[in-house]
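User: I've got a fold open on my screen and want to talk through its helices and charged pairs. Can you walk me through them?

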Amino acid sequence: MKGRIETLADPAALAYHVAEWLTSAALATTGDFRVSLSGGSTPKALFALLASDPFVGRIPWARVSWFWGDERFVPHDHPESNYRMTREAMLAKAPVPPANVHPVPVDGAPEEAAARYERILQAAYGAPVLDPARPMFDVTLLGLGPDGHTASLLPGESVLDERTRWVAAVSHGRPEIRITTTYPVIESSHRVAFLVSGRAKAEIFKAIRAGGSDAPAARVKPVGELIWFVDRAAAGEG
């Protein structure tokens, strides 16, 4: 299995540990700090922690920029929106400069929205081509679905083979259309961290941990560090 594994007791312990880890990573830098966010219940708990004591007063909010690894193609105020979840849990409760928040466009045609987000990422990066020696993100947070998907890189979808575009629309595999960053962007990170909790993830995590899995999540090979933060239930220990 690629990367290292850190096992925590439960979802609450996992969220607190990752909050400390992310805060320390930001404080260890002096310039812009770019983070790619994930949806899901575990990241929601993490985001709420970051906007509360003891973290809210430690994070250098003025130089942290927030992006999204994927998004459902629904309005930003929709209950299923990853942006809405993050805003309600963290962005609206912390001193986040509005200019540092870069949500995925969700208007117009999905393919055009994906192209617009690609241009947003390229503008932030300062180049149209990714350089392995200069990662796009400082931290990329990812989840793991029971089917092995991560972001909206869904099993069997053509987006898994995309190596040129930074962002793509995914029109199949789920009831709603999704917009997702692709492997080249996800892998362009100093640190990629999977947050995995719950017994429902135990089977797929076991398969990935054993090696040889072709699940989308197992195919992530970042230019930097890869870390799996898992709770005991997901690790099959509880």
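**Salt bridges and helices**

Analyst: Sure, and let's kick off with a pair in one helix: Glu 88 and Arg 84 form a salt bridge, with their closest N and O atoms 2.8 Å apart. Keep in mind that this is a predicted model.

User: Which helix holds Glu 88 and Arg 84, and how many residues apart are they?
Analyst: The two sit about one turn of the helix from each other. The helix is α3, residues 82-91, and the separation is 4 residues.

User: Is Glu 88 buried, partly exposed or exposed?
Analyst: Buried would need under 20% relative accessible area, and exposed over 50%. Glu 88 comes out at 38% relative accessibility, so the label is partly exposed. Its partner Arg 84, at 24% relative accessibility, also counts as partly exposed.

User: How many salt bridges does a search of the whole structure find?
Analyst: Glu 88 with Arg 84 is one pair, and Arg 72 with Glu 176 is another, at 3.9 Å from N to O. The search of the whole structure gives 13.

User: Why does the pair of Arg 72 and Glu 176 tie together parts of the sequence, and how many residues apart are those parts?
Analyst: Arg 72 belongs to strand β4 (residues 70-72), while Glu 176 is in the loop between β6 (167-170) and β7 (178-181). Because the two partners sit in those separate places, the salt bridge ties together parts whose separation in sequence is 104 residues.

User: What about Glu 225: which residue is its salt-bridge partner, and how far apart are the closest N and O atoms?
Analyst: Glu 225 is in strand β9 and the partner is in strand β1, so the pair links distant parts of the chain, 221 residues apart. At 33% relative accessibility, Glu 225 counts as partly exposed. The partner is Arg 4, and the closest N and O atoms are 2.1 Å apart.

User: Where does Lys 221 lie, and what is it in contact with beyond its neighbours within four places in sequence?
Analyst: Lys 221 is in the loop between α6 (202-210) and β9. In sequence, Lys 221 and Lys 2 are 219 residues apart, but their C-alpha atoms are 7.7 Å apart in space. With neighbours within four places set aside, the contacts of Lys 221 are Lys 2 and Glu 187.

User: Now helix α1: what span should its 17 residues have, and how far apart are its end C-alpha atoms?
Analyst: The expected span is 1.5 Å times one less than the number of residues. For the 17 residues of α1 (residues 11-27) that should give 24 Å, and the distance between the end C-alpha atoms agrees: 24 Å.

User: Which elements do the buried residues of α1 pack against?
Analyst: The buried residues of α1 include Leu 14, Val 18, Trp 21 and Leu 22. The elements that the buried residues pack against are β1 (4-8), β2 (33-37), α2 (41-50), β5 (137-142), β8 (189-196) and β9 (225-231).

User: And α4: which residue follows it, and what is the phi there?
Analyst: Helix α4 (residues 110-125) has 16 residues and reaches 22 Å from its first C-alpha to its last, close to the 22 Å expected. Its buried residues include Tyr 117, Leu 121 and Tyr 125, and what covers the buried residues includes β2, β3 (64-68) and α5 (183-187). The residue that follows α4 is Gly 126, with a positive phi near 90°.

Note on methods: Residues numbered from 1 in each chain as written. Predicted model: local features only at pLDDT ≥ 70, side-chain atom pairs only at ≥ 80, totals over all residues. Heavy atoms only, no water. Buried < 20%, exposed > 50% of the residue type's maximum accessible area, 1.4 Å probe, protein only. Contact = heavy atoms within 4.5 Å. Salt bridge = Lys/Arg side-chain N within 4 Å of Asp/Glu carboxyl O.
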